[in-house]
Amino acid sequence: MLELRDLSGGYGDGSVLNGLSLTVEEGQVVALLGRNGAGKTTTMRAIFNLLPQLTGSVTLRGESLRGLAPYEVSQRGVALVPQGRRIFPSLTVEENLLIGARPPRSDTNLRWTVDEIYSLFPVLRERGRVRGTLLSGGEQQMLTLARSLMTQPLLLLCDEPSEGLAPVMVDRVREVLQRLRAAGLSILLAEQNLDLALSVADVAYIIEEGRVIWHGTSAELLANEDVQATYLGIRIQED
Ligand SMILES: Nc1ncnc2c1ncn2[C@@H]1O[C@H](COP(=O)(O)OP(=O)(O)OP(=O)(O)O)[C@@H](O)[C@H]1O
């Protein structure tokens, strides 16, 4: 589905990506892990051709995305759930959902309507007529995710959806991602929250200084405390 091959580049002064390669198979959830500044957001920006300097290849279902404008990458079926929640604050929840909506695609069976979104995110149904400014951080995160789905993506790039959320909202994000996985959506999930990432992802890539330093299945990473401690500097807390 998505293949990144040997991506190198950055913003001008020094390179952020240094030969990064990874694959997201059809219907797979892939976790992109790494410490602050490792290059997770930059990888997502590279897929949208938003880096001033970039070499390497990016293909979606075998077709190159390199050189396309960001809106063209989106038309090909890639949606970004950006870090930090970007909604239109003066619009209502429902207006936010409708403003970026696209008609269903012929190359996937997945179809997202406002009704389906509301059953996936009941809190948004309750808050449908409320303006964005009045939503909690967790509600805004749900709306950001929901808006991306309304573009009918083949592939969702999700950039740290748990950042800054209370544990109860992190659990809601987890449930939503698990349901999207069950529906068959392909997802590249950048996360600092290892517990969340591994409870959703099939496979994981750890990056450091813009290159992959470990990859394997979520089960392998869960079992490998040395890799967790060495490359991520964290351990999953035991209950
Ligand atoms: N717009 C920019 N201009 C210049 N350098 C940038 C820019 N955005 C990010 N960087 C640098 O690129 C490197 C990678 O940043 P990136 O945001 O991709 O990391 P990350 O893994 O997503 O980390 P975080 O979890 O902090 O978001 C960092 O050193 C950062 O300072």
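**Exercise 1. The setting of α6**

Task: In this predicted model, determine how many of the 13 residues of α6 are buried, and which elements cover them.

Solution. Begin with the count: eleven of the 13 residues of α6 are buried, so this helix is largely enclosed by the rest of the structure. Next, identify the residues: E139, Q140, Q141, M142, L143, T144, L145, A146, R147, S148 and L149 are the buried ones. Then turn to the surroundings. The cover over the buried residues of α6 includes the strands β6 (78-81) and β7 (155-159), together with the helices α3 (93-99), α4 (114-120), α5 (122-126) and α7. Finally, consider the length of α6: from first C-alpha to last it reaches 19 Å, close to the 18 Å expected at 1.5 Å a residue.

**Exercise 2. The two faces of α7**

Task: Establish which residues of α7 are buried, and which exposed residues lie on the face turned away from them.

Solution. Helix α7 runs over residues 167-183, and its 17 residues reach 24 Å from the first C-alpha to the last, close to the 24 Å expected at 1.5 Å a residue. Within α7, V173, L177 and L180 are buried. These residues cover an arc of only 55° around the axis, which puts them on the same side of α7. On the face turned away from that buried side are the exposed residues P167, V168 and A182. The buried residues of α7 are covered by elements including α6 (137-149), β8 (186-191) and α8 (194-200). Just after the helix, G184 adopts a positive phi of about 100°.

**Exercise 3. G34 and the ligand**

Task: State where G34 is found, whether it counts as buried or exposed, and which residues surround the ligand.

Solution. First, locate the residue: G34 is in the loop between β3 (29-33) and α1 (40-47). Second, apply the cut-off, under which a residue is buried if 20 or more other C-beta atoms lie within 10 Å of its own. G34 has 24 C-beta neighbours inside 10 Å and therefore counts as buried. Third, list its contacts: leaving aside residues up to four places away in sequence, G34 touches G39, K40, I206, I207 and E208. Fourth, consider the ligand, which is surrounded by Y11, V16, G34, N36, G37, A38, G39, K40, T41, T42 and Q192. By class, this shell has three nonpolar, seven polar and one charged residues. The most is given to the shell by α1, with three residues.

**Exercise 4. Positive phi at two glutamates**

Task: For E160 and E209, give the phi value and the degree of burial.

Solution. As background, most residues other than glycine have a negative phi. E160 nevertheless has a positive phi of about 45°; E160 is found in the loop between β7 and α7. With 22 C-beta neighbours inside 10 Å, E160 counts as buried. For E209, phi is near 45°, again a positive value in a residue other than glycine. E209 lies in the loop between β9 (203-208) and β10 (211-217), and is partly exposed, with 15 other C-beta atoms within 10 Å.

**Exercise 5. The protein as a whole**

Task: Compare the radius of gyration of the protein with that of a compact globule.

Solution. For 239 residues, a compact globule would have a radius of gyration near 18 Å; the protein has 17 Å, which agrees. Its C-alpha trace spans about 45 × 45 × 35 Å along the principal axes. The protein contains ten helices and ten strands, and 37% of its 239 residues count as buried.

Methods
Residues are numbered from 1 along each chain as its sequence is written. This is a predicted model: local features need pLDDT of at least 70, side-chain atom pairs count only at pLDDT 80 or more; totals for chains, interfaces and linings use all residues. Helices (H or I, at least four residues) and strands (E, at least two) are DSSP runs, numbered from the N terminus. The expected span of a helix is 1.5 Å times one less than its number of residues. A residue is buried if 20 or more other C-beta atoms lie within 10 Å of its own, exposed if 12 or fewer, and partly exposed in between; C-beta atoms are placed from the backbone. The arc is that of the directions from the helix axis to the C-beta atoms. Two residues are in contact if their C-beta atoms, placed from the backbone, lie within 7 Å. A residue is near a molecule or strand if its C-beta atom, placed from the backbone, lies within 6 Å of it. Ala, Val, Leu, Ile, Met, Phe, Trp, Tyr, Cys and Pro count as nonpolar, Asp, Glu, Lys and Arg as charged, and the others, Gly among them, as polar. The radius of gyration is taken over C-alpha atoms; the globule rule is 2.2 Å times the number of residues to the power 0.38.
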